[in-house]
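User: Can you walk me through this model? I'd like the sheet, then the interface.

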Amino acid sequence: MELLQWLTLAVFAVTIVAIVINKLDATVAALLGVAVMVWMGTMTEVEAAQLVDWNVMAILVGIWVIAGYFGRTGIPSWLSVQSLKVSGGRPGLLIVVLSMLTGILSMFIDNVVCILMMAPVALPLARALKIPATPLVLMIGFSANFMGTALLLGDLPPQMLHSVAGAEFFDFIWSQGRPSSFPILIVTFVLTLAFMYFYGFRSIGKASAAGAAKIKARIPDPLFATITVGMFLLTVLAMAFREVLDVKLGFIAITGAIILVLILELLGDKLKAPSFEHIVQELDWRAVFFYIALFALVGGLEKTHILDMMANAMKPLFATNYVLGATLLYWVTIPIVGLVEHDAYILTFLYMIRDLGTSGVPTWPLWWVVLWAGTLGSNLTVAGAPALYVALRIAEKEEKRKVSLREFLSWSLAFCLVSSAICYVFALLIWILPYSN
Amino acid sequence: MFRNILIPTDGSPASQKAVRRGVALAKAMKAKITAVIASPPATPIIYRKKMPVGYATPNEHQRMINRSSKRHLDVIARAAKKARLRFEAVQIVSDFPDETILDTAKKKKCDLIVMGTQGQGGLRGVFIGSTTQKVLNQSKIPVMVIR
């Protein structure tokens with residue numbers, strides 16, 4: 001390895017450590033890492049900008065704008081009250097139904113946004129049925145994190161796969177002649193929820209049909225809700241048929257967002273809609289800049305051929321025993337992403353697997369393995385996923401007490417291990433074994 | 001001199017020793033006794049000495065915690081009754097006994113904390129040395145440590 005490669009690797013490692021120990025703001029640390037790489041000559045400032053996948057950034061911002069309006073339509077509250085009716089006021093069932101609802105929403109909406117939408121409407125239901133807030137909000141957090149990877153829109157990792165491997169919307173449903181992310185994760189999700197019901201929720205709280213009947217929710221402005229949901233669905237539909245339209249996904253997302261903003265602004269005071277300015281202020285710009293820096297950082301490793309070298313070092317493992325290699329990759333990923341921010345890890349491995357592919361190692365099973373393990377493992381602790389940190393804070397605020405690590409692990413370890421084990425069986429049978437020869 | 005003495009308990013021998021001394025002191029001062037216990041949250045996993053040792057549904061676990069907490073608080077209640085002292089019991093759900101003790105002292109306007117050292121783990125371990133140390137470090141009212 002040359003000196004520049006060592007230096008680049010060192011800057012990358014120091015940046016990741018800075019992000020993990022959380023002494024410095026993660027976004028600032030990542031941007032600093034990129035700046036140091038530019039000053040060192042790993043890449044020029046123009047190359048750093050070119051290494052960022054702006055298409056993915058456009059998807060994120062576009063969908064976040066639409067989701068921002070969606071959160072204000074009152075539909076999440078209305079859906080939560082419908083969940084209460086479906087559960088018949090049975091607390092354990094309500095938790096499962098709310099988790100399922102969160103999972104479905106998070107396939108289209110960012111995880112943190114999804115939790116911020118669902119937790120405030122779930123908590124009054126929890127109070128009515130005397131459900132402890134902590135397990136309920138944590139289940140909402142786990143579910144949002146879990147199902148974000150099922151489709152292309154819900155989280156950054158699937159969008160990274162779109163960027164690195166060219167996975168399209170339908171590839172997340174059916175890819176290479178076999179079921180992929182959506183069917184595998186939805187079945188895993190349902191089985192995990194069933195397990196969690198028997199594990200901790202079958203006798204929680206107090207069933208109260210009368211208490212449930214008292215809670216009502218209505219959509220404040222049906223026209224605003226209809227326009228927002230309509231545009232959301234149209235945007236998702238257009239993204240699903242991106243190849244026919246022959247434009248980038250980010251362009252579709254931004255177009256959908258702009259059209260929605262335009263319609264709402266033109267209708268002005270006739271709707272009870274938040275202003276565009278308000279929605280823009282609510283966007284998590286810190287996360288946007290973190291993701292921008294992440295692409296540049298990992299791009300620095302790619303440009304200096306460090307990922308190439310790492311892929312070469314890993315190649316014998318996959319070439320001699322593909323099943324063992326993929327299995328190790330899956331189960332090593334789980335605890336790592338449980339303890340460190342998972343996006344950087346996933347992006348690095350997606351690039352590395354692409355480089356592995358040039359030497360004849362089948363890439364698709366490994367890409368899915370990293371994506372699924374990277375997402376499911378991140379449910380282990382709050383360090384793995386920002387969404388869980390948000391959920392934990394909401395639970396602590398509601399219960400007016402601190403939640404200890406052992407209390408958190410009592411729920412997260414069960415969810416994480418069971419979901420990971422179920423998903424591994426599907427990954428092995430559907431993806432790894434068929435490619436092992 | 002002291003009007004409201006806080007006696008934390010976890011049922012350990014060390015905390016019971018503190019109960020005896022605390023009640024005797026309260027009797028001498030004609031003070032009120034406030035007893036507090038930090039109960040762990042009811043999760044499906046049962047911990048003992050900070051190690052997972054079993055499984056119970058949260059409802060079953062809650063009943064176990066309540067029974068155990070009541071038993072430990074009742075020890076102080078009986079001692080206070082025997083000494084003809086005013087008494088109040090507080091049960092707080094928390095995995096952080098030091099914070100529970102300090103918060104209760106503040107909320108109940110206690111002017112002295114009497115607590116033991118060298119406790120055990122799990123529910124009985126809310127009085128491990130570090131808890132006493134944290135209370136000693138952060139308390140704004142006098143703390144009497146019984147060895």
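Analyst: Here is a quick tour, sheet before interface. Keep in mind that this is a predicted model.

User: What is the strand order of the open sheet in chain B?

Analyst: The order is β5-β2-β1-β6-β7. The five strands pair in parallel.

User: Which strands are at the edges?

Analyst: In chain B, β5 (87–93) and β7 (143–146). Each of them pairs on one side only.

User: How are neighbouring strands turned against each other?

Analyst: By 20° on average, direction ignored.

User: Which helix packs on that sheet?

Analyst: Helix α3 of chain B, residues 97–107. Helix α3 touches β1, β2, β5 and β6 of chain B. Its direction makes about 150° with that of β2(B).

User: Back to the edge. How many bridges link β6 and β7 of chain B?

Analyst: Four, in the parallel sense. B:Val114 stands opposite B:Met144 in β7(B).

User: Now the interface. How much area do chain B and chain A bury between them?

Analyst: About 1,400 Å², with 55% of it on carbon and sulfur atoms. The contact involves 16 residues of chain B and 15 residues of chain A.

User: Which three residues supply the most on the chain B side?

Analyst: B:Tyr47, B:Asp95 and B:Phe96. They supply 30% of the area that chain B buries against chain A.

User: How many salt bridges are there between the chains?

Analyst: Two. In one salt bridge, the side chains of B:Glu99 and A:Lys402 meet at 2.8 Å, N to O. There are also 11 residue pairs in polar contact across the interface.

User: Which elements of chain B give two or more residues to that side?

Analyst: β3 (45–48) and α2 (58–82). The residues on that side of chain B divide into 10 nonpolar, three polar and three charged.

Notes: Residues numbered from 1 in each chain as written. Chains lettered and ligands numbered in written order. Predicted model: local features only at pLDDT ≥ 70, side-chain atom pairs only at ≥ 80, totals over all residues. Heavy atoms only, no water. Pairing = 2+ DSSP bridges. Axes fitted to C-alpha atoms, helices over the stretch in contact; angles between N-to-C directions. Contact = heavy atoms within 4.5 Å. Buried area = accessible area lost by both parts, 1.4 Å probe. Salt bridge = Lys/Arg side-chain N within 4 Å of Asp/Glu carboxyl O. Polar contact = N/O pair within 3.5 Å; in protein donor to acceptor, adjacent residues only side chain to side chain. Nonpolar A, V, L, I, M, F, W, Y, C, P; charged D, E, K, R; others polar.
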